[in-house]
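Here are my notes on the model you asked about. Keep the structure open while you read, and take the points one by one.

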Amino acid sequence: MMTPKYAYRCLRGVIVREGLRFVNQRVRFLSALVRPLVWLFIFAAGFRSVLGVSIIPPYETYILYEEYITPGLLAMILLFNGMQSSLSMVYDREMGSMRVLLISPLPRWYLLLCKLLSGVFVAMLQVYVFLLIAWFWEIYPPVAGYILVFPALVLAGLMVGALGLLLSSLIKQLENFAGVMNFVIFPMFFASSALYPLWKIRDSSVPLYWICQFNPFTHAVELIRFALYGQVQWVSLLIVSTCTLVFLGVAVIGYDPLRGYMSRKNAG
Amino acid sequence: MSHEVIAEATVELPALSVSALEFSYGRHPVLKKVSVQVPGGRFVALIGANGAGKTTFFSIVTGLYAAHQGSISVMGHDLRSNTLQALASMGVVFQRSTLDMDLTINQNLHYSAALHGIERREAKRRIAEGLQQHGLSDLGARKVASLSGGQRRRVELARALLHKPSLLLLDEPTVGLDLQSRANFIAHVRSLCSEQGTGVLWATHLMDEVESGDMVFIMDHGDIIAAGELDALLQNHGVDDITELFNSLITKPE
């Protein structure tokens, strides 16, 4: 039976394992960090003069483009990390180590949640290292923002992680996952407010504006952006929370041997 | 067509009781009314050629797949209605290694202990004990990737036993091992039956892994075509050894 103590031990075990794997794969850490840094150092610097940003909430004054895209890059780290974590689940399932987790005497939904939280934990390390480097690049959010953004990051991380989990439950082989990465990650990232404000998108294309509005990643970015400046974007909070629950619920069904991946695999 | 053969030897509460299990991949039946019993403290061999359905059987018994028909109970706990208790009573060594190659032996075992809710100090004690039992005492800090095939198998066995299960399931655990490692591994698992009363279900296609006195289930194309004590089976079929028995029973490819 799952007692709180047992649940905690399991969660700690899964997080420690993910942390150890992370430490052992330093290249993974560096590559995860290099990606947003390239955007910050090169892309943002290059586009600073082209993409001017007017005063929009939560900002109270004109800001540099680097400052605008920082929350989007934090969400980018979460997005890539969440997907990478799910990718590792496809790999683990193919290689067998996922079996060790799935045959543990705990409810499957809880085991998947542990897996999800362990991925978020690793992403948090990357996010805060990125914020530290960004500080040296003169990105100065309010000091309190570094703490206040934490729950927003966790929630956004859970949402993209749950989406990755859902996708991994639908995918039979690792090769298929690469295609889904291209069809999911890039459209999600580019059709969002991560790189440009929505009013600018609306000026160019109204349909694209609405696509961005319906993209849950946009709301993850806005949730982080507002939290970093000590504010709550309630609509985004509601959408991200709902999406997290829906994605996780469907993923749990996907990993149910009676209804999900296993049954489809058998049918195939 | 399917046969249903129930082993003659049972005890009051078998470590594993599988009854009339059916499963198919789409329209292709893989298991046809399979019934298997593993009494506590007994070494039971599930013998079948590659593709006979052994691994699918293991996947169902461990809850990774769901059976379409039939029932499974582990130490009296029904796998479907009492899943967690059933899973807590079993230890599993899968056909393919499920160890994390990037981590050390100790880290792998601590991870497994956490998944079974074993308190850290107790886990440390059990891991030290398990490593000693399996001849791995000095290797705890070594990464799994640097171990030999035989050592990895022993680590998997130590891990499967960490939570002291009443039932041990091993799916072709000696694949890839040299003769000496294989003999040692089997001897060790057999000693678990006699010394600790663990019920063992050992799936294999290697006939020389079965000994006189073992209970045997022979699987062919998803059917259990023979079951019982090895000696009684040999006598009943008028053959001298398990290989002869197996060859006389299985469906030959056309």
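## Notes on the two chains

1. Let's start with helix α3 of chain B. Of the 11 residues in α3(B), 10 are buried, so this helix is largely enclosed by the rest of the structure. The buried ones include B:Ile105, B:Leu109, B:His110, B:Tyr111 and B:Leu115. One thing to keep in mind throughout: this is a predicted model.

2. What do the buried residues of α3(B) pack against? Partly against their own chain, through α4 and α5 of chain B, and partly against the other chain, through α1 and α4 of chain A. After α3(B) comes B:Gly117, which has a positive phi, near 70°.

3. Now have a look at α5(B). How many of its residues are buried? The count is 10 of 13, so to speak of this helix as mostly covered is fair. Among the buried residues are B:Val155, B:Leu157 and B:Leu161, but also B:Arg152, B:Arg153, B:Arg154, B:Glu156 and B:Arg159. The cover over the buried part of α5(B) includes the strands β6 (90-93) and β7 (167-171) and the helices α3 (105-115), α4 (120-133) and α6 (179-196), each from chain B.

4. Here's a quick check you can do yourself on α5(B), residues 149-161. Allowing 1.5 Å a residue, its 13 residues should span 18 Å, and the C-alpha atoms at its ends are 19 Å apart, which agrees. If you get a slightly odd number when you try this, remember that the expected span is 1.5 Å times one less than the number of residues.

5. Next, the sheets of chain B. One is an open sheet of 6 strands with mixed pairing, in the order β6-β7-β8-β3-β9-β10. The edges are taken by β6 and β10 (223-229) of chain B; each has a single partner strand, so one side of each is left without a neighbour in the sheet. On average, neighbouring strands here are turned by 15° against each other, ignoring direction. β6(B) and β7(B) run parallel and are joined by 4 bridges, and B:Met90 stands opposite B:Leu167 in β7(B).

6. Which helices go with this sheet? Helix α1 of chain B (residues 54-61) packs on it, touching β3 (43-48), β7, β8 (199-204) and β9 (215-220) of chain B, and its direction makes about 145° with that of β7(B). Helix α8 of chain B (residues 242-249) lies across β3, β9 and β10 of chain B, at about 35° to β9(B).

7. There is also an open sheet of 4 strands in chain B, ordered β2-β1-β4-β5, and its pairing is antiparallel. At its edges stand β2 (28-38) and β5 (77-78) of chain B, each with a single partner strand, so one side of each has no neighbour in the sheet. β1(B), residues 16-25, pairs with β2(B) over 7 bridges. In that region, B:Tyr25 stands opposite B:His28 in β2(B).

8. Try zooming in on B:Gly63, in the loop between α1 and β4 (69-74) of chain B. Is it buried or exposed? It has 23 C-beta neighbours inside 10 Å, so B:Gly63 counts as buried; the cut-off is 20 or more. Apart from neighbours within four places in sequence, B:Gly63 is in contact with A:Ile103 and A:Pro257 from chain A, and with B:Leu79, B:Thr83 and B:Leu87 from chain B.

9. Chain A looks quite unlike a sheet protein on paper: it has 12 helices and 0 strands. Of its 268 residues, 46% are buried. Among contacts in chain A between residues at least 6 apart in sequence, 78% join residues at least 24 apart.

10. Where do the two chains meet? The contact takes 28 residues from chain A and 26 residues from chain B. On the chain A side, α1 (4-24), α4 (97-102) and α12 (261-267) each supply at least two residues, and α1(A) gives the most, with 9. By class, the side of chain A that touches chain B has 14 nonpolar, 9 polar and 5 charged residues.

11. Last, the domains of chain B: domain 1 covers 1-89 + 167-254, and domain 2 covers 101-164. Their centres, taken over C-alpha atoms, are separated by 26 Å. The contact between them takes 8 residues from domain 1 and 6 residues from domain 2.

Key:
Residues numbered from 1 in each chain as written. Chains lettered and ligands numbered in written order. Predicted model: local features only at pLDDT ≥ 70, side-chain atom pairs only at ≥ 80, totals over all residues. Buried ≥ 20, exposed ≤ 12 C-beta atoms within 10 Å, placed from the backbone. Contact = placed C-beta atoms within 7 Å. Pairing = 2+ DSSP bridges. Axes fitted to C-alpha atoms, helices over the stretch in contact; angles between N-to-C directions. Nonpolar A, V, L, I, M, F, W, Y, C, P; charged D, E, K, R; others polar. Domains from an automatic or database assignment.
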